[in-house]
Amino acid sequence: MRNPPSDAKLTGLFLDMLAAEQGAGPNTLDAYRRDLTDFSEFLGRIGHSFADAETQTLRDYLADLDSRGFKSTSVARRLSAMRHLYRFLLNERIRAEDPAAILSGPKRGRGLPKVLSIADVDRMLTRAKELSEAEDASPSKRLRSLRLYCLLEVLYATGLRVSELVALPRSAAKRDARMIVVRGKGNKERLVPLNEASRQAMADYLAATEAAKTEKKKDSLAASKWLFPSFGESGHLTRQHFARDLKELAVASGLQARLVSPHVLRHAFASHLLHNGADLRIVQTLLGHTDISTTQIYTHVVEERLKSLVRDLHPLAEK
């Protein structure tokens with residue numbers, strides 16, 4: 001190709017493909033954009049581009065990442081971005097070969113997810129409920145406390161991704177709703193059941209928004225299509241805002257803030273289900289995992305439970 005498109009142009013085309021064909025969300029697209037921009041800048045410094053880089057050049061970039069102190073997980077993610085990019089360029093006939101095809105990534109162990117105990121989650125739920133029922137709280141503070149309690153109840157009841165949780169529509173809080181429809185990764189929909197506690201928390205929070213005293217609050221909260229509205233560009237609460245509120249609640253519950261995040265609560269949901277005997281395939285469906293191997297990270301919970309059963313119940317086990 002005599003005049004190949006610029007790296008910026010190719011990145012744009014690649015991201016458009018991810019959005020259109022794979023339903024990639026804004027966060028995924030931003031991550032690919034950052035990774036490929038860094039790769040392009042490296043190539044530019046040595047006089048190359050996406051269109052003419054060879055396998056050794058890609059190896060040099062991975063070595064450069066290592067020299068800059070990138071963790072193996074970050075290097076592996078950059079390599080994955082390059083592999084996806086070059087498969088796209090090959091399919092579009094912009095490249096005649098795939099220079100990333102034979103690259104091997106850094107070896108990395110798959111760490112177990114951080115998991116809160118059932119007692120830890122119960123402490124957070126109890127504290128959140130106490131804050132939501134505080135009689136001396138101002139209307140606005142009580143509304144924020146009800147929102148946090150609702151978010152926590154729904155997250156632990158469903159195991160939603162935080163991006164799915166904060167973007168729930170107002171219709172999810174219907175009083176008679178036993179299931180909610182969640183639009184997840186790849187724009188795929190799945191049904192997720194609600195328990196009584198989460199339904200009640202949503203009903204209480206929704207009633208509070210509708211009972212907001214001033215018309216200004218009514219217009220901005222009760223009239224929104226989102227269950228957790230915000231004044232921001234997205235129109236709903238951001239992931240970052242919820243994560244900050246959750247860490248503050250963790251501290252108020254006597255837990256370390258660094259151990260608590262929305263994703264850790266999602267892990268707790270899955271691990272606690274498996275610990276109590278849930279089928280791995282059912283947990284996979286609830287979490288919205290396409291591949292069961294992603295869900296199998298939680299099987300350490302099942303393994304520990306089986307070990308304890310054999311130790312405690314086997315007739316020849318040592319007492």
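# Exercises on a predicted model

The place of R266 is in helix α11 (residues 262-275), and the model in which R266 is examined here is a predicted one.

## Exercise 1: the surroundings of R266

Task: Determine whether R266 is buried or exposed, and find which residues R266 touches beyond those up to four places away in sequence.

Solution. Begin with the accessibility: the relative accessible area of R266 is 4%, and since buried means under 20%, R266 is buried. Next, list the contacts, leaving out residues up to four places away in sequence; R266 then touches G159, L160, R161, R190, L287 and H289. Finally, look at G159 in detail, where the side chain of R266 reaches the backbone oxygen at 2.6 Å. For the annotation, turn to the unreviewed UniProt entry, in which "active site" covers R161, K185, H263, R266, H289 and Y298.

## Exercise 2: K185 and the hairpin around it

Task: Locate K185 with respect to β1 and β2, and describe how these two strands pair.

Solution. Start with the strands: β1 and strand β2 (residues 189-193) pair in the antiparallel sense over five bridges, and V182 has R190 in β2 as its bridge partner. Then follow the side chains along β1 (residues 179-183), where they alternate: I180 and V182 point to one face and are buried, whereas M179, V181 and R183 point to the other face and are not buried. Move on to the turn of this hairpin, which has five residues between the strands and in which G186 takes a positive phi near 70°. K185 is found in the loop between β1 and β2, and with a relative accessibility of 59% K185 counts as exposed, because the cut-off for exposed is over 50%. Apart from residues up to four places away in sequence, K185 touches R161 and E164.

## Exercise 3: salt bridges within and between helices

Task: For the salt bridges D35 with R78, R147 with D245 and E196 with R199, work out where the partners lie and how accessible they are.

Solution. Recall the principle that side chains of opposite charge can pair when their charged atoms come close. A search of the whole structure finds 16 salt bridges, and the three pairs are taken in turn.

1. The side chains of D35 and R78 meet at 2.7 Å, N to O. D35 lies in helix α2 (residues 26-45) and R78 in helix α4 (residues 72-91), so the pair ties together parts that are 43 residues apart in sequence. Both D35 and R78 are buried, and both belong to a network of salt bridges that links D35, D38, D64, R68, R77 and R78.

2. The side chains of R147 and D245 meet in a salt bridge at 3.8 Å, N to O. This pair links distant parts of the chain, with R147 in helix α6 (residues 139-158) and D245 in helix α10 (residues 239-252), 98 residues apart. R147 is buried at a relative accessible area of 11%, and D245, at 18%, counts as buried too.

3. The side chains of E196 and R199 meet at 2.6 Å, N to O. E196 and R199 both lie in helix α8 (residues 196-210), three residues apart, which is about one turn of the helix. E196 counts as partly exposed at 47% relative accessibility, whereas R199 is buried, with a relative accessible area of 10%.

Conventions. Residues numbered from 1 in each chain as written. Predicted model: local features only at pLDDT ≥ 70, side-chain atom pairs only at ≥ 80, totals over all residues. Heavy atoms only, no water. Buried < 20%, exposed > 50% of the residue type's maximum accessible area, 1.4 Å probe, protein only. Helix = DSSP H or I, 4+ residues; strand = E, 2+ residues; numbered from the N terminus. Pairing = 2+ DSSP bridges. Salt bridge = Lys/Arg side-chain N within 4 Å of Asp/Glu carboxyl O. UniProt positions renumbered as here; feature names shortened; annotations may be inferred. Contact = heavy atoms within 4.5 Å. Polar contact = N/O pair within 3.5 Å; in protein donor to acceptor, adjacent residues only side chain to side chain.
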